[in-house]
Amino acid sequence: MGTTKVAWGVIGTAKIGLNRVLPGMKKSPWCDIRAIASRSEGAARKAAEALGIPTAYGSYEALLADPAIEAIYNPLPNHLHVPLTLAAARAGKHVLCEKPIALTAGEAGQLRDVARDVLIAEAFMVRFHPQWLRARELVREGRIGTLRAVQAFFAYDNPDPANIRNRPEFGGGGLYDIGCYPIVAGRWFFESEPERG
């Protein structure tokens, strides 16, 4: 079975990408991270040098125009997930987008409409990591009893109201940026949608 590495481009120099996701991707035998883009060419170049990425672009559009790039990793701020994922899909690139993939059901629908020719996935490890797959298997088998409720506490210490993660107009706040983890976990284990909020 002949399989080749996927040629990746990264939109943005977000900390989650630089410190967590990209180092993991670089370890994969299926990933070839070829380019990174930022609104600042200097920031892109600095990130490329730090991670050994061969090409740095000073605009997202330049990266999306690169014919050698097959897939895009999008770790941009939440309010930019849909516009840049749409742009990547329209450029014929597959997309792995950080959570939350969209801020509204309408935005999610836009992504579904362009996902006919490319793959678009939300980067929630809950759906793919072996520990989470095994946990759901245990729930399905009834090994921990009948699942009736999920109670989750998930927090971080960031009291700065100016921080983008706390600004609702940019998709920050309790539900979008951090609360989405326990919400997705609950949906994952129950394998259904909430009936009321």
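Is E137 buried, partly exposed or exposed? At 36% relative accessibility, E137 counts as partly exposed. The close-up views below come from a predicted model, and this residue returns in the third view.

**View 1. Strand β1 sits beside two parallel neighbours, β2 and β4.** Start with strand β1, which covers residues 6-11. Five of its six residues are buried, so the strand is largely enclosed by the rest of the structure. Strand β2, residues 31-37, runs parallel to β1, and six bridges join the two. To find your place along this pair, look for I11, which stands opposite A37 in β2. Strand β4, residues 71-74, also pairs with β1 in the parallel sense, here over three bridges. A handy landmark for this second pair is V10, which stands opposite Y73 in β4. As you follow a strand, keep one general point in mind: in a regular strand the side chains alternate between the two faces of the sheet.

**View 2. A helix joins β1 and β2 in a β-α-β unit.** Begin at β1, continue through helix α1, residues 15-27, and finish at β2. Together these three elements make a right-handed β-α-β unit. The two strands of the unit are the parallel pair from the first view, joined by six bridges.

**View 3. E137 and R134 meet in a salt bridge within helix α6.** The N to O distance between their side chains is 2.5 Å. Helix α6 spans residues 130-140, and because E137 and R134 are three residues apart in this helix, about one helical turn separates them. R134 is partly exposed, with a relative accessible area of 34%, and E137 is partly exposed at 36%.

**View 4. A buried residue, E122, forms a salt bridge with R127.** Their side chains meet with an N to O distance of 3.1 Å. E122 has a relative accessibility of 16%, so it counts as buried, the cut-off being under 20%. R127, on the other hand, is partly exposed, with a relative accessible area of 28%.

**View 5. R167 and E169 form a salt bridge.** The closest N and O atoms of this pair are 2.7 Å apart. R167 is partly exposed at 29% relative accessible area, and E169 is partly exposed at 48% relative accessibility. Elsewhere, salt bridges that share partners join R136, R140 and E191 into one network. Across the whole model, the count comes to ten salt bridges, including the pairs E122 and R127, E137 and R134, and R167 and E169.

Notes:
Residues numbered from 1 in each chain as written. Predicted model: local features only at pLDDT ≥ 70, side-chain atom pairs only at ≥ 80, totals over all residues. Heavy atoms only, no water. Buried < 20%, exposed > 50% of the residue type's maximum accessible area, 1.4 Å probe, protein only. Helix = DSSP H or I, 4+ residues; strand = E, 2+ residues; numbered from the N terminus. Pairing = 2+ DSSP bridges. Right-handed = clockwise from strand over helix to strand, strands pointing away. Salt bridge = Lys/Arg side-chain N within 4 Å of Asp/Glu carboxyl O.
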